[in-house]
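Visitor: I am new to reading structures, and I would like a close look at one part rather than a quick tour of everything. Could you take me through how the helices pack in the longer chain, and then show me how that part fits into the rest?

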Amino acid sequence: MNSIPSEFTVGGVYLPPLLVAGCLGVLLAYWTAHLLNRYRLSRFFFYPPLVFVALAVLYTVAAGYVLVPF
Amino acid sequence: MTKITKFKEAIKTGLAFALVFGIAMQLGWMNPYWAGWAVAVVALPTAGASIRKGTLRVVGTIPGCLAALAIHALAPQDRWIFLLLTCAWVFGTSYLMVRRPKTSYFWVMACYVCLVILLSDLDSSENMFESAVFRTVETVMGVVVYTLIAVFLWPLTNLGAIKKSSAELAATLGHIYRAGRDTMLGERAPEAGFQGLQAKVVPQLAQFGQVLQAEGSESYEVSQARRLWERFHGLSTALLETAGRWQSGFAELDRIDVRAVFPELSAFFAELDSRFAALPQLLAGRSTGYLPRTILLDADPAELERLAGFDRAAVEVARKEMERLEELTAALVECARELEGHAASGGEAKPMLAPGVKDRATRLPVPDWDHLRSAAFVAATTGVGFLIWILFDPPGHSGWFQFSGTIALIVAAVPPLRASRLIAPVAVSSAICLAIYVFVMPQLSSFLGLGLLLFTCMFLNCYFLSGMARFFSSMAILNILQIQNQQVYSFAAMANVFIFLVMGFTFLFVMSYLLGSPRPEKVVLHLLDRFFRSAEFLMSRKAPEPGRVSGLERWRIVFHQRQLRSLPAKLAAWGKAIDRKRFPDNAPEQIQALVTSVQTLVYRIEQFLETGSVYRAKPLSPELREDVKTWQAGIENIFSAWARKPEAEPVAALRQRLETGLVRLEERIEEVVNRAGGEVSREEGENFFQVLGGYRGISEAALAYAGAAQVINWSHWREERFS
């Protein structure tokens, strides 16, 4: 695994990789929650808001390992 | 509003927006966007509404500034006392904001301005007084500029709106009365049209209240007669409630020949017809020769004797409501005559004659649970925002304290508004303003260019958007463009503001879970739980054995009465917020029927609570004490079960149980009445049958609720899901 942090620039402004990974993580968690709602699988969770936060963290870490090292 | 009017209003707002920036920058005032905020917020469709909002904004700014100076003076170096005092002020003002709808905006400003001034200069307190003064002056300037433009350029006035609104309100109340009259006389199906008319009159009442405030701000004549118009509003509200209570008892009158029981019924209705016909005429300023006369509604004793116990009880309950209807209509006509100058009140204050409202039984303040929750939400959000700022200092810095508290105020003012729904509009409008900041603003070199840009932004905002979308778009324009006299451009700073805005709304979304789930269906379940707990409490305190009631007990009774009266409206608001697509099994009509049945229960419980103690009506009562006690215990158990599970009592089983109890009690009444013979006085008999009617009314309303509840898919609402 490449441990050097990725760099993103927008118009010459550098964005922290954690921010990019975090945004990706939240978007993926949102998409997963949407699917779980659609197929009524969210009823099996005790407290979905906490599950959403956990999913966002997991996806962010996963994105950090696979796509955007931070 | 037509497209042309919208176009003109957008031009007025854009012009005022650009002008206030010009004035503030020309004079070198601190933070010109403060004046811009005043224009963006007070720009309302009519001059009267703008003047009122502007006045509240200016007047509310002063206590906000004073509170900020006091907090800073008391805790200049201690962050925890600073936090405690600020949260206490935020809690108090936000509680008053939701508690007092008429002056709500004054309290919003008192809270918001305090947060703004506290953070106006983070490095030292030396400029704080200056900030407070500039904030006040710029707010006044913004309000004055917009008001002048609104008055002189294409003015839109409210003059005459109050007469139109009151005449429409009186006409709808007349329709409601006629629907009730026809149903009682058997000429119309029960409930036909009543719900529709009630749904029509509630917004009319709210609109009348708004028109009164707006026209009162621009018309001296209306302002002078404000007390009378407020009385008219109060009487109309009371009349609507009384009509609801009257109509909720029609099912029990079904098998009774009411014309025979009330020989004067035709004359009674004829008099009420004349009053409802005269009301719109009087309010429209047309003279009418009508003068109200007192009418009595006595029941024929011989016909009453022939009725079974429960039928007699139903007649007593209906008579009481009709007498109240008579009192209210007479008071309304009198009020309309005074408004038109046909009669004089002599300046004396008159009682409102509202049903279900007795003299305050306690001197202690009686809070509303939801108002306390809303205030706690705002104070907690402000406090946690402060901790995030001082402990982590993420992008946005002090904004976590000030901005989060302000947006929490908006969420608290409109409870069904979901914080999660705000994230997308804020992100989009902020992104557009960020692009303007980066690509357009650096090209501007004079105020002409800047003024044109400001005018265009505000014009487009006002023309294309409305409501909350417009508010948040204005917020993006003012926060992202950050116009100052010494303009400095920093993409990083503005990108941070953008990130902060999105993070701030996400933070609010998380905080909204702090005091329970914000999901509408969960809130409905929670409100029903509270409703039935209050109903059970009040039923249990209908003292079976009269005794001395402690001060605390009286306070609890008043608290639960208030809960009971306020919860149906909250249920209706949250019921409408439930996502239909996610819960296709529960149609809006089914939810509306559930809310209606809850409202009927409130009417019947209030009617019952207003009656005297059943045990005072001797010699009937001692004989029936045990039967009535058993029945009351049964009703309390039902309410207790519904508080835990709203569908706990299936309608068929409940009907069988209640009807068996009714038949048994009816037989006992016959037996006791026959035995008592002529010993029972008329007054004792009336009291007793009113109480009995109360019990029956509650039973019937409980059956109606059970019927409405059994068609709802409750398990789906209880399921957990992501918001």
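Guide: Before anything else, please keep in mind that this is a predicted model. In the domain assignment of chain B, domain 1 is made of two stretches, 3-157 and 368-511, while domain 2 covers 161-339 and domain 3 covers 527-718. The centres of domain 1 of chain B and domain 3 of chain B, taken over C-alpha atoms, are 47 Å apart, and the contact between these two domains involves 4 residues of domain 1 of chain B and 7 residues of domain 3 of chain B. On the domain 1 side of that contact, 2 residues are nonpolar and 2 are charged, with no polar residue among them.

Chain B has 27 helices and 0 strands, and I suggest that we begin with α1(B), which runs over residues 3-26, and α2(B), which runs over residues 33-42. Their axes come within 8 Å of each other and cross at roughly 165°. Because an angle over 145 degrees counts as roughly antiparallel, α1(B) and α2(B) are described as roughly antiparallel to each other, and their crossing is right-handed. If you look for the residues that meet, α1(B) brings B:T13, B:A16, B:F17, B:V20, B:F21 and B:A24, and α2(B) answers with B:A35, B:G36, B:V39 and B:A40. Sorted by class, this contact holds 8 nonpolar and 2 polar residues, and no charged ones.

From here we can follow α2(B) to its contact with α3(B), a helix that spans residues 47-74. The axes of α2(B) and α3(B) lie 9 Å apart, and the two helices pack at an angle of about 140°. That angle makes α2(B) oblique to α3(B), and here too the crossing is right-handed. On the α2(B) side the contact is made by B:A38, B:V41 and B:V42, while α3(B) supplies B:S50, B:K53, B:G54 and B:R57. The classes in this contact are 3 nonpolar, 2 polar and 2 charged residues.

Another pair is worth setting beside these, namely α7(B), residues 161-184, and α10(B), residues 226-248. Their axes come within 11 Å and cross at roughly 20°, an angle that makes α7(B) roughly parallel to α10(B). The crossing of α7(B) with α10(B) is left-handed. In α7(B) the residues to look for are B:I162, B:S166, B:L169, B:L173, B:I176, B:Y177, B:G180 and B:T183, and they meet B:W229, B:F232, B:S236, B:L239, B:L240, B:A243, B:W246 and B:Q247 in α10(B). Of the residues in this contact, 11 are nonpolar and 5 are polar, and none is charged.

We can now step back to the whole of chain B, whose C-alpha atoms fill a box of roughly 100 × 60 × 50 Å along the principal axes. For its 723 residues, a compact globule would have a radius of gyration near 27 Å, and the 30 Å of chain B agrees with that.

Chain A offers another picture, with 2 helices and 2 strands that follow the pattern β-β-α-α when read along the sequence. Its radius of gyration is 15 Å, well over the 11 Å that the globule rule gives for 70 residues, so chain A is more spread out than a compact globule. Along its principal axes, the C-alpha trace of chain A spans about 45 × 25 × 15 Å.

Finally, the two chains touch each other through 8 residues from chain B and 11 residues from chain A. On the chain B side, 5 of these residues are nonpolar and 3 are charged, with no polar residue present.

Terms used: Residues numbered from 1 in each chain as written. Chains lettered and ligands numbered in written order. Predicted model: local features only at pLDDT ≥ 70, side-chain atom pairs only at ≥ 80, totals over all residues. Nonpolar A, V, L, I, M, F, W, Y, C, P; charged D, E, K, R; others polar. Domains from an automatic or database assignment. Axes fitted to C-alpha atoms, helices over the stretch in contact; angles between N-to-C directions. Helix = DSSP H or I, 4+ residues; strand = E, 2+ residues; numbered from the N terminus. Parallel < 35°, antiparallel > 145°, perpendicular 65-115°, else oblique. Left-handed = near helix turned anticlockwise from the far one by under 90°. Rg over C-alpha atoms; globule rule 2.2 N^0.38 Å.
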